[in-house]
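Student: I would like to go through this model with you one question at a time. Could we look at it together and reason from what it shows?

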Amino acid sequence: MLTTMRTALLGLATLLFAQVAAAQGLSIDIVNGNPTAIPIAVVPFAFEGSGVPPGTDIGQVVRADLARSGQFRTLPKENVVEFPTREAEVKFATWRLLKQDYLVVGRVGDAGNGALRAEFELFDVARQQRMAGLAISGQPSALRDVAHQIADLVYEKILGVRGAFWTRIAYVTAVGVSPNIQYALMVADSDGYDPQVIVRSREALLSPAWSPDGRKLAYVSFERGNSSIYVQDLATGSRQLLSSNRGINSAPAFSPDGTRLALTLSKGGNPDIYVMPASGGNQNRIVQHFSIDTEPVWAPDGRSLFFTSDRGGKPQIYSVPASGGDASRVTFQGQYNARPTVVDAKGVKLAMVQGNGNVYRIAILDRATNQYTLVSPGNQDESPSFAPNGSMLLYAASEGSRGVLFAVSADGRVRQRLVLAEGDVREPAWGPFRQR
Amino acid sequence: MKNVIRVIAASLLVASMAACTKKQEVKPSEEAPPPPVTETAPVQESGQYTRDSLDTDSCLRQRVIYFDFDRSDIQSQYQEQISCHAAYLSQFPDAQVRLEGSTDERGSREYNLGLGERRGNAVQSALSAAGASSSQLDVVSYGEERPVCREHDESCWSKNRRVEIVYSAN
């Protein structure tokens with residue numbers, strides 16, 4: 001009797017939650033699937049606290065995170081028929097029958113001072129063994145963060161790779177029709193929740209770039225009439241004008257240690273790559289050529305940069321020492337390669353926009369094997385940005401006249417669409433791992 | 001004796017009349033000094049426009065130059081447009097123009113900022129060669145950020161690959 005009532009209450013909570021999600025204007029559609037995905041069941045977390053149950057369904061956030069990664073096939077909530085909350089209540093036979101490899105259970109209780117404590121346990125179903133268990137506390141308003149941290153731990157325990165669910169993304173929205181377009185630079189959780197406006201402008205905003213500590217965003221703004229680079233502190237909202245020379249000031253990129261900024265300036269007559277201190281100061285030109293040289297990104301060791309150059313006729317990716325010197329070409333396949341971004345911690349894999357004819361798709365180059373993998377279908381895909389664990393990427397695409405963002409697993413198998421309620425979305429930038 | 005006095009008197013009269021004439025000749029040039037030269041204008045059909053011509057002259061009303069995909073060279077059909085704007089600019093040295101370069105949506109945004117600037121620079125060079133002063137010309141690139149249409153086909157893309165000649169208020 002009690003179990004039925006609890007089931008009914010959980011069902012009601014889920015329904016209300018789904019409606020809240022829809023009201024946020026967030027739509028995540030899984031476009032493809034991965035046949036080798038690991039089956040995992042996440043049982044809804046029980047609320048054992050004394051006050052009002054929190055608005056966040058932790059189990060649902062964890063389930064959605066794991067599914068979105070493309071590495072897991074999560075058991076649909078309606079197929080969860082037993083509701084253990086701790087090891088003693090787990091009947092492994094049930095989950096073996098449901099063909100699940102892993103099981104996550106949990107509960108939420110009081111932690112004092114209005115805070116809540118979420119405890120979870122992860123089980124290997126075949127071995128009937130507990131693999132991990134942890135308690136994480138947070139304010140009710142921060143329970144989504146707690147859920148993402150749980151998903152990260154589950155991911156890492158099973159796959160051996162640090163999870164990147166507890167991260168944020170930046171992107172630009174454009175609402176309205178020229179000449180009355182309203183632009184905004186936004187930051188949201190990496191699942192699209194809780195979008196915050198960082199900057200609003202009637203002039204174009206582009207190229208957001210995270211500082212490695214996740215505290216600042218550099219971006220390009222046309223508010224002064226010409227492209228200029230600002231760096232803004234996300235917590236305080238205060239910002240600094242870093243570069244506003246004659247001509248182009250664009251493509252900012254923080255070095256891995258956060259002390260320097262690479263950027264593109266055309267004050268010398270045509271777009272070249274410069275490096276300057278991240279807090280402002282002298283701009284040193286490190287790439288000088290009459291071609292268009294732009295979109296610098298740092299190699300993970302901070303000692304070299306990849307960038308786009310059309311010195312060979314059409315845009316291709318090149319590499320240059322960060323202190324300056326000869327540039328060497330990196331891409332030799334595809335008519336057009338631009339907008340490089342580093343995928344992995346060693347800088348061996350590079351993602352880029354690859355164009356052939358009128359079709360532009362995201363490609364990943366493994367520099368060790370010289371193999372290219374196309375991970376998006378086109379036709380106007382751009383701005384690839386990887387999660388800090390290299391497992392997923394965001395990119396911008398067109399649907400009709402509208403710009404939308406996609407999240408794709410690094411092997412291209414699972415793709416999800418993130419759609420805002422209104423407007424055009426572009427220029428995604430995946431932020432770094434977050435610190436507690 | 002009377003004749004000598006008459007001759008002297010006549011001579012003095014003639015001399016004084018001559019002196020008067022000379023003074024009169026000097027005055028006109030002192031009253032009208034030549035105008036100061038501020039700038040040497042190139043030899044053009046100068047003086048053909050008025051300020052209003054920007055709104056009334058059919059060539060000056062053309063304010064957009066279009067480009068082929070991935071190209072920044074100015075096609076021959078725009079030579080007349082370049083010439084008339086250059087003529088206007090050299091006739092009115094205080095006129096200022098902003099050359100706003102744009103691209104279609106294809107490819108990366110940052111690369112397109114460079115391509116838009118390249119197009120603006122090409123128009124700037126052409127106007128300078130035809131007589132405009134470089135201090136009258138400013139290039140701004142908007143890359144793909146200011147599309148006039150949003151369709152994903154060549155008929156729209158061709159409208160976005162452009163430089164707009166924008167006269168600023170004097």
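**Reading the two chains**

Tutor: Let us begin inside chain B, where the buried residues of helix α3(B) are B:Q81, B:I82, B:C84, B:H85, B:A86, B:A87, B:Y88, B:L89 and B:S90. Please keep in mind throughout that this is a predicted model.

Student: Against which elements of chain B do the buried residues of α3(B) pack?

Tutor: The helix in question covers residues 79-91 of chain B, and its 13 residues reach 18 Å from the first C-alpha to the last, close to the 18 Å expected at 1.5 Å a residue. Its buried residues, B:C84 and B:L89 among them, make contacts with both helices and strands of chain B, namely α2 (53-56), β1 (64-66), β2 (96-102), α4 and β4 (162-168).

Student: In what order do the elements of chain B run from the N terminus on?

Tutor: Chain B has five helices and four strands, and of its 170 residues 34% count as buried. Among its contacts with a separation of 6 or more, 75% are between residues 24 or more positions apart. Read from the N terminus on, the order is α-α-β-α-β-α-β-α-β.

Student: Which element gives the most to the side of chain B that touches chain A?

Tutor: The contact takes 31 residues from chain A and 18 residues from chain B. On the side of chain B, the elements that give two or more residues are α4 (109-129) and β3 (137-143). With eight residues, the element that gives the most is α4(B).

Student: And by class, how many residues of that side of chain B are charged?

Tutor: The side of chain B that touches chain A can be sorted into three classes, of which the nonpolar one has four residues and the polar one five. The charged residues number nine.

Student: Turning to chain A, what distance separates the centres of domain 1 and domain 2 of chain A?

Tutor: The domain assignment of chain A gives domain 1 as 2-159 and domain 2 as 168-430. Taken over C-alpha atoms, the distance between their centres is 34 Å.

Student: Is helix α2 (residues 58-68) of chain A largely enclosed or largely open?

Tutor: The buried residues of α2(A) include A:I58, A:V61, A:L66 and A:R68, and just after the helix A:G70 takes a positive phi of about 80°. Because ten of the eleven residues of α2(A) are buried, the rest of the structure leaves this helix largely enclosed.

Student: Strand β2 (residues 38-42) of chain A is joined to β4(A); which residue of β4(A) stands opposite A:I38?

Tutor: Strand β2(A) is joined by three bridges to strand β4 (residues 72-74) of chain A, in parallel, and by three bridges to strand β5 (residues 102-112) of chain A, also in parallel. In β5(A), A:I40 has A:Y102 as its bridge partner. In β4(A), the residue opposite A:I38 is A:F72.

Student: A:Q128 and A:A251 each have phi near 55°; is A:A251 buried or exposed?

Tutor: A:Q128 lies in the loop between β6 (115-124) and β7 (129-138) of chain A, and it is exposed because it has 12 other C-beta atoms within 10 Å. A:A251, in contrast, is placed in strand β15 (residues 249-254) of chain A. Since a residue is buried if 20 or more other C-beta atoms lie within 10 Å of its own, and A:A251 has 32 C-beta neighbours inside 10 Å, A:A251 counts as buried.

Student: Which strands are the edge strands of the sheet that holds β15(A)?

Tutor: This open sheet has four strands in the order β15-β16-β17-β18 (chain A), with antiparallel pairing, and its neighbouring strands are turned by 30° against each other on average, direction ignored. Four bridges join β15(A) to strand β16 (residues 260-265) of chain A, and one of the pairs is A:A253 with A:A262. The strands that each pair on one side only are the edge strands, β15 and β18 (284-287) of chain A.

Student: Finally, where in chain A does A:N379 lie?

Tutor: A:N379 is joined to A:G378 by a cis peptide bond, with omega about 10°. The place of A:N379 is the loop between β26 (371-374) and β27 (382-386) of chain A.

How values were computed. Residues numbered from 1 in each chain as written. Chains lettered and ligands numbered in written order. Predicted model: local features only at pLDDT ≥ 70, side-chain atom pairs only at ≥ 80, totals over all residues. Contact = placed C-beta atoms within 7 Å. Nonpolar A, V, L, I, M, F, W, Y, C, P; charged D, E, K, R; others polar. Domains from an automatic or database assignment. Pairing = 2+ DSSP bridges. Axes fitted to C-alpha atoms, helices over the stretch in contact; angles between N-to-C directions. Expected span 1.5 Å × (residues − 1).
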